[in-house]
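Please read the report below alongside the sequence and the model. It goes through backbone outliers, cores, cysteines and helix packing.

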Amino acid sequence: MLPVATVLLLAALVAVGAVLALFVSAGWWAGVGVAAALLLLAVHDVTQRRHAILRFHPVLGHLRFALEKIRPEIQQYFIERNYDGRPFDRDTRTVIYQRAKGIHGDQAFGTERDVNEVGYEYLPHSTAPVPVDPGAPPPRVRIGGPDCTQPYDMALLNISAMSFGALSANAVLAMNRGAAAGGFAHDTGEGGLTEYHLRHGADLVWEIGSGYFGTRTPDGDFDPARFKDVAALPTVRMVELKLSQGAKPGLGGVLPAAKVTPAIAAARGVPLGVDCISPAHHRVFSTPRELVLFIARMRELAAGKPVGFKLCVGTRRELLAICKAMVVEGVTPDFVVVDGSEGGTGAAPLEYEDHVGTPLTEGLITVHNALVGVGLRGQVRIGVSGKVASGVDIVKRIAQGADYTNAARAMMMATGCIQAQRCHTNTCPVGVATQDPRRARALDVADKSERVRRYQAATVEQAVRVMASLGCAGPGELGPEMLLRRVSHTDTRSYAELFDWLEPGELLADPPRAWAADWAAADPDSFRPGSIDLLPA
């Protein structure tokens, strides 16, 4: 219907209704009110200039916006199949929720997956599975190289980096209390170490990003004295330097002044009423050599606690340049956390989420091979993060070269997240990713902390059971030959066949052809050989 016709029709309805109300029945006034409201709305729609659809389709055009608003809920609850939702499908979300609630998470009638689809991955079981001792403690991984004097035994699954500010105080408290009860680690995220991370005494991985929040000088530089004091806290078990994040590698961030609450300002060491800026690069180093020397300095200031870095892998040459710097300086991190480009974030441009950074599988295998190739893999533990949610995820990543795993979004779901994907709007419907005190109050810390504990314990238990089914007594016996991938409808290959795996020290002795050019170009004094540095001083 044309805009003018709509207005005229509604005006006519108002007039007719008024006549009927005056001469037939006063009950018609209700209809007159409705028609008059729609008439005013139609006039507004026709005269406004923001939405073309409303100018041409007054009143009815609002139906399009209403349907668009509830489209995500309709898609998630009524349309998507159990196995094709994104970022996490319904089957995965259901298993997380069930295990968090203490339900086994079993399913009936067989898989819904297409096991003949190209890209399908599976683990070949053993005819002689290893018995599982139900009373045995879950496996742990010791982290601490030759220069570490306070090593830490890490669980196979831990809480990945999520800052207070991105998460509500109650969400941080619930995760921290769950980690303390379950004996696994809680990464603080780069937003600073807060009272909420300390209240329940969980083991902490203190993450420091390019903003040096919680350990910065007034002008935004690294403050060694403040770092030393915080690192001395007994619950701080490891320190992690964030180089890049999977969902938005190479991108800084700005927390608008309006969102810098007194609690956030105190935790980050920034002033109230001023934009809180995370630069895209670090100020304290500009070359691979300076990076590894800064790692050594941090470990010294931390009194020998494990210190490492987290990155989403970019170019292989940059990674090899860091490895060369380790060899030249005789300095190694105690651990490296590899974040996949499929990892989560509170907010990032779509271009970064979809197209920047290396996916976890390729990134993990590259880091593992690089450390093996320079003979340092035995000194450096590798953690991974990026869509780790189930016991099989843990097993697959260890088979690909990791020592332990971290999970962020899965832990959020255990805390109550429903994948509404409103983390950046401050309108999280369950109080997990918001700073709105009314919404955060809906999250009960005692209940959700127990769910976090149960989810982690059940997921690690399933990982151990899967290992036993493969004939492995522990994670140290897993290898790439145990993970198979369908590469065509008639051909399946193991990861041992799909990727080249370096021998210890091979890059130092005789680099293979596939690695030789990158190894030769890698420069411990530059992140970009033959060009300006990616990380300017």
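## Backbone and loops

K387 counts as partly exposed, because its relative accessibility is 32%; the class lies between buried (under 20% relative accessible area) and exposed (over 50%), with a 1.4 Å probe and protein chains only. This is a predicted model, in which local features need pLDDT of at least 70, side-chain atom pairs count only at pLDDT 80 or more, and totals for chains, interfaces and linings use all residues. Residues are numbered from 1 along each chain as its sequence is written, and side-chain values use heavy atoms, with hydrogens and water left out.

K387 sits in the loop between β12 (381-385) and α15 (391-399). Helices (H or I, at least four residues) and strands (E, at least two) are DSSP runs, numbered from the N terminus. The phi of K387 is positive, near 60 degrees, and K387 is not a glycine. Most residues other than glycine have a negative phi.

A303 also has a positive phi, of about 60 degrees, without being a glycine. The table sets these two residues beside P349, a further loop residue.

| Residue | Loop between | Relative accessibility |
|---|---|---|
| A303 | α11 (288-301) and β10 (307-311) | 48%, partly exposed |
| K387 | β12 (381-385) and α15 (391-399) | 32%, partly exposed |
| P349 | β11 (335-339) and α13 (350-355) | 34%, partly exposed |

P349 and G479 are 130 residues apart along the chain, and their C-alpha atoms are separated by 36 Å.

## Nonpolar cores

A nonpolar core is a set of buried Ala, Val, Leu, Ile, Met, Phe, Trp, Tyr and Cys residues joined through side-chain atoms within 4.5 Å. Which residues touch the most other members of the largest core? They are M411, Y455 and L478, in a core of 60 residues. Elements that give two or more residues to this core include α6 (90-100), β4 (157-159), α7 (169-182) and α18 (445-469). L478 touches V395, I398, A399, M467, L470 and C472, leaving aside residues up to four places away in sequence. Contact here means heavy atoms within 4.5 Å.

A second, separate core holds 51 residues, among them L241, C323, V331 and A370.

## Cysteines

How many disulfides are there? The count is 0, where a disulfide is a pair of cysteine sulfur atoms within 2.5 Å. For C276, the nearest cysteine sulfur is that of C423, 19 Å away. C276 counts as buried because its relative accessibility is 2%. For C323, the nearest cysteine sulfur is that of C312, 16 Å away. C323 is buried too, at 2% relative accessibility.

## Helix packing

Helix α4 (residues 61-69) and helix α5 (residues 71-79) have axes that come within 4 Å and cross at roughly 50 degrees. Axes are lines fitted to C-alpha atoms, for helices over the stretch in contact, and angles run from 0 to 180 degrees between N-to-C directions. α4 and α5 are therefore oblique to each other. Angles under 35 degrees count as roughly parallel, over 145 as roughly antiparallel, 65 to 115 as roughly perpendicular and the rest as oblique. L67, E68 and K69 of α4 meet R71, P72 and E73 of α5.

Helix α21 (residues 513-521) has W515, D518, W519 and A521 as its buried residues. Their cover includes α12 (316-329), α14 (360-373) and α20 (506-509).
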